[in-house]
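Reader: I am in my first year and still learning to read protein models. Please take me slowly through one small part of this one, and then use it as a way into the rest.

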Amino acid sequence: MRRKKNLKKLLNLGLLDYTNLTPKLGELDMPYVVCHNVPEIDYLASFSQPSTYFHTPHTCVSFFEYDVHMDSLYGLWNAIYFGVKELQEYYLERFSGVKYFIVPDYSKCGDVPEVENQHRQFRSRLVSIWLVMNLHAVVIPLVSCANQYEMS
């Protein structure tokens, strides 16, 4: 067992702790994110403004901002993907008490290879799973799409 754990760390596959606990869909095995009951949200707080996370009891944290602001080198995705426990603890503390999130919106673009857009969708879903599993939060799915004119 210990050897398997070390191999997982050596191969940088900590994300399996999350993806192996959720159903996957389609030929890409995209992690499945579902919300059975959308709560009554009365305020959308921005990820970059933690002081607004508790504006009301029904505040929902959203990630509607440029990716570089929500997912830099010290962002949540890197904390999860690279298994940086100290950084994950930072986000656990930052989001402590937040009950609702909208799935992170990693921008899809019309002029990048499709594999990049699929990777962005995968990142969004993995972060969502982390939020559910670690904060027991309700994560509301988001539809994201790209067209060929977005980056022109």
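Author: Leucine 25 is found in strand 1, where a strand is a DSSP run of E of at least two residues and a helix is a run of H or I of at least four, both numbered from the N terminus. Before going further, please keep in mind that this is a predicted model, in which local features need pLDDT of at least 70, side-chain atom pairs count only at pLDDT 80 or more, and totals for chains, interfaces and linings use all residues. Residues are numbered from 1 along each chain as its sequence is written, and side-chain values use heavy atoms, with hydrogens and water left out.

With a relative accessible area of 43%, leucine 25 counts as partly exposed, a class that lies between buried (under 20%) and exposed (over 50%), as judged with a 1.4 Å probe and protein chains only. If we leave aside its neighbours within four places in sequence, leucine 25 is in contact with Met30 and Tyr32, a contact being heavy atoms within 4.5 Å.

Between strand 1 (24-25) and strand 2 (30-31) runs a loop, and aspartate 29 is found in that loop. Although aspartate 29 is not a glycine, it has a positive phi of about 55°, and its relative accessible area of 48% makes it partly exposed. Histidine 136 can be set beside it, since histidine 136 is also a residue other than glycine with a positive phi, near 55°. Its place is the loop between helix 6 (114-135) and strand 6 (138-140), and with a relative accessible area of 67% histidine 136 is exposed.

From that loop we can step back into helix 6, which is the place of serine 124. Serine 124 counts as buried, at 8% relative accessibility, and apart from residues up to four places away in sequence it is in contact with Val103, Pro104 and Tyr106. Serine 124 and serine 72 are 52 residues apart along the chain, and their C-alpha atoms are separated by 14 Å.

Serine 72 and Tyr106 also turn up around aspartate 67, which touches Ser72, Asp105, Tyr106, Ser107 and Arg120 when residues up to four places away in sequence are not counted. Aspartate 67 sits in helix 3 (residues 67-70), and its relative accessible area of 17% places it among the buried residues.

Helix 4 (residues 76-81) holds tyrosine 81, which at 24% relative accessibility counts as partly exposed. Leaving out residues up to four places away in sequence, tyrosine 81 touches Asn12 and Leu15. From tyrosine 81 to arginine 94 there are 13 residues in sequence, and the two lie 18 Å apart in space, C-alpha to C-alpha.

The cysteines deserve a careful look as well. A disulfide is a covalent bond between the sulfur atoms of two cysteines, and here it is recognised as a pair of cysteine sulfur atoms within 2.5 Å. By this rule the count comes to zero disulfides. For cysteine 35, the closest cysteine sulfur is that of cysteine 60, and no bond is assigned to this pair because the distance of 9.2 Å is too far. Cysteine 35 is buried at a relative accessible area of 17%, and cysteine 109 is likewise buried, at 8%.

We can now place these details in the whole chain. The chain has six helices and six strands, which follow one another along the sequence as α-α-β-β-β-β-α-α-α-β-α-β. Of its 152 residues, 37% count as buried, and its C-alpha trace spans about 50 × 40 × 30 Å along the principal axes. When we consider contacts between residues at least 6 apart in sequence, 63% of them join residues at least 24 apart. The accessible surface of the chain comes to about 9,700 Å², with 56% of it belonging to carbon and sulfur atoms, where areas come from the Shrake-Rupley method with a 1.4 Å probe and, for residues, only the protein chains shown count as cover.
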